[in-house]
Protein chains: 2
Amino acid sequence: MVFISSNFSFLFCQIGKFCIFDHMEQNRPNHKLIYYFSKWTDISEEAEKIILSAFEPQFIKKKKDLLVVNDVCNYLYFITDGCMRSYYVDEKGGEHIFQIRMDNNWISDLESFFSNRPSHYYIEALENTHYLRISKERLEQLYIEVPSLERYFRILFQKAYVNSLKRLNATMWEPASDRYNEMLKEHPEMFQRVPLVYIASYLGITPESLSRIRKKK
Amino acid sequence: MVFISSNFSFLFCQIGKFCIFDHMEQNRPNHKLIYYFSKWTDISEEAEKIILSAFEPQFIKKKKDLLVVNDVCNYLYFITDGCMRSYYVDEKGGEHIFQIRMDNNWISDLESFFSNRPSHYYIEALENTHYLRISKERLEQLYIEVPSLERYFRILFQKAYVNSLKRLNATMWEPASDRYNEMLKEHPEMFQRVPLVYIASYLGITPESLSRIRKKK
DNA sequence: TGTAATTCTTAACATAGGTCAAGTAGATTA
DNA sequence: TAATCTACTTGACCTATGTTAAGAATTACA
């Protein structure tokens, strides 16, 4: 695959991630958020204060659910430190993971969030995780108070959509071994923090298949 | 599949399509566009004029290319009447269709459009097609002249992203026959206008497999 | 520290869907 | 009207991946 194999980074759709924040103070996590906003749009000092007050810092323990099926997803979540997965459960009880997100990434069920309808998904913490959250009402208000945020989210969703289409093409037309190899290359840190069972599901295969792929290398 | 089978409409990701325009005058296609904008955001009469002047009405004949690989995609296209497909070609020469769009839908290569980098894709007319187009420069300017457009596109991409993730889940975890049946239910018009070869590719299978699925029914 | 739970691997077998090759039926063109 | 094309189908065979079941290695916990 000529162009697909050149960059499989979309395999994680890790929207909004651009640099490491080791130099930042650990206890001012909101500043990471502002940094990302300011990458794509202008944020005045005034606006910065408003934004920081709109997001609530939260914590969740490993293996706890942030969202369960049939609940409305009331928040947009920005992971400052930790790891989450979102998945659905089919009628035979099988779990299908479609998102794994780590530090400095957004996670939510956008469909439920924007429609106020019950979610079909679960969101679960894979590690003890610190995150920021904002409710739909507060976000709508924020779009009015800080109009340039609309631009940030327009660009965020635009990129997320493009990445998702690439991942779709790879899933349809690339063999699982290629998807695995490129993921290994683009996201080695993932393999240190996330069990292979989950990575297999994310890639659209069974853990047994992933095991075979890894053996062949 | 409990929730997926309840609505496969995302299989077409026909973002922005909400109603039929039979009642509209055929020769004022731009008004369809305004109608869609005004569904999600407020458009003043003033803004309407600016928008209408920013989009150029165009026409392309069946089988002609709107975009070819390695060209930069300079426009966002809104199909007012007709049908297009976008696809890429793998190193063995195989074509893989990932979008089929008909009346009142957007089509483009967003990645190339926003990055100004050469596209990996083709966009081809499957019918004689009337469409509107806007360049990146003009759109950036329009975001400034009509800020509420940023909101429209934020919502458009947000929905497109959600649909794309659902299509990804269906592709990974649902059998091809289910995807076919639901597409037939949700988009029967597609089968009147688009050859099965293309629909097969869109569903991620070969024409032979689609033929077998259709036979079994 | 021992037991249970997770995580990962392996092997035998099953199956959906791909590949190749041929053939039919309409539509298009000479 | 014959000759091509294009769209679609069919059949034989193949392969990647799923399924089931078992076991090893690691981690958590009582």
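**Figure 1. Superposition of chain B on chain A in the predicted model.** In this predicted model, chain B is superposed on chain A by a rotation of 180° with 0.0 Å of shift along the axis, and the RMSD is 0.0 Å. Such a rotation is the relation of a two-fold axis. The two copies use the same surface, since 100% of the contact residues of chain B recur in chain A. In general, a rotation about an axis and a shift along it relate two copies of a chain.

**Figure 2. The interface of chain B and chain A.** Here 40 residues of chain B are in contact with 42 residues of chain A. The size of an interface is often given as the accessible area lost when the parts come together. Between them, chain B and chain A bury about 4,200 Å², of which 64% is on carbon and sulfur atoms.

**Figure 3. Salt bridges and polar contacts across the interface of chain B and chain A.** The interface of chain B and chain A holds 8 salt bridges. One of them joins Glu150(A) to Arg154(B), with the closest N and O atoms 2.8 Å apart. In addition, 13 residue pairs are in polar contact across this interface, both residues of each pair being at pLDDT 80 or more.

**Figure 4. The side of chain B that touches chain A.** At least two residues of this side are supplied by each of strand 5 (95-102), helix 3 (110-115), helix 4 (136-145), helix 5 (148-173) and helix 8 (196-203) of chain B. Helix 5 of chain B gives the most, with 18 residues. Sorted by class, the residues on this side of chain B are 21 nonpolar, 9 polar and 10 charged.

**Figure 5. The protein surface near DNA strand C.** DNA strand C is surrounded by 16 residues, and the closest are Leu196(A), Lys215(A), Ala176(B), Ser209(B) and Arg212(B). Of the atoms of DNA strand C that come within 4 Å of the protein, 60% belong to sugar and phosphate. A polar backbone atom of Leu196(A) is 2.7 Å from a phosphate oxygen of this strand. The bases are also approached: a polar side-chain atom of Glu208(B) lies 3.3 Å from a base nitrogen, and an N or O atom in the side chain of Arg212(B) is 2.7 Å from a base oxygen. Two or more residues of this surface come from each of helix 8 (196-203) and helix 9 (207-216) of chain A and helix 9 (207-216) of chain B. Helix 9 of chain A gives the most, with 5 residues. The surface near DNA strand C comprises 6 nonpolar, 4 polar and 6 charged residues.

**Figure 6. The protein surface near DNA strand D.** Around DNA strand D there are 16 residues, of which Glu208(A), Ser209(A), Arg212(A), Leu196(B) and Ser211(B) come nearest. Sugar and phosphate make up 56% of the atoms of DNA strand D that come within 4 Å of the protein. Phosphate oxygens of this strand lie 3.0 Å from a backbone N or O atom of Ala176(A) and 2.5 Å from a polar side-chain atom of Ser209(A). An N or O atom in the side chain of Glu208(A) is 3.4 Å from a base oxygen of DNA strand D. Helix 9 of chain A, together with helix 8 and helix 9 of chain B, are the elements that give two or more residues to this surface. Helix 9 of chain B provides the largest share, 5 residues. By class, the surface near DNA strand D has 6 nonpolar, 4 polar and 6 charged residues.

Key:
Residues numbered from 1 in each chain as written. Chains lettered and ligands numbered in written order. Predicted model: local features only at pLDDT ≥ 70, side-chain atom pairs only at ≥ 80, totals over all residues. Heavy atoms only, no water. Near = heavy atom within 4 Å. Polar contact = N/O pair within 3.5 Å; in protein donor to acceptor, adjacent residues only side chain to side chain. Helix = DSSP H or I, 4+ residues; strand = E, 2+ residues; numbered from the N terminus. Nonpolar A, V, L, I, M, F, W, Y, C, P; charged D, E, K, R; others polar. Least-squares fit on C-alpha atoms with pLDDT ≥ 70 in both. Contact = heavy atoms within 4.5 Å. Buried area = accessible area lost by both parts, 1.4 Å probe. Salt bridge = Lys/Arg side-chain N within 4 Å of Asp/Glu carboxyl O.
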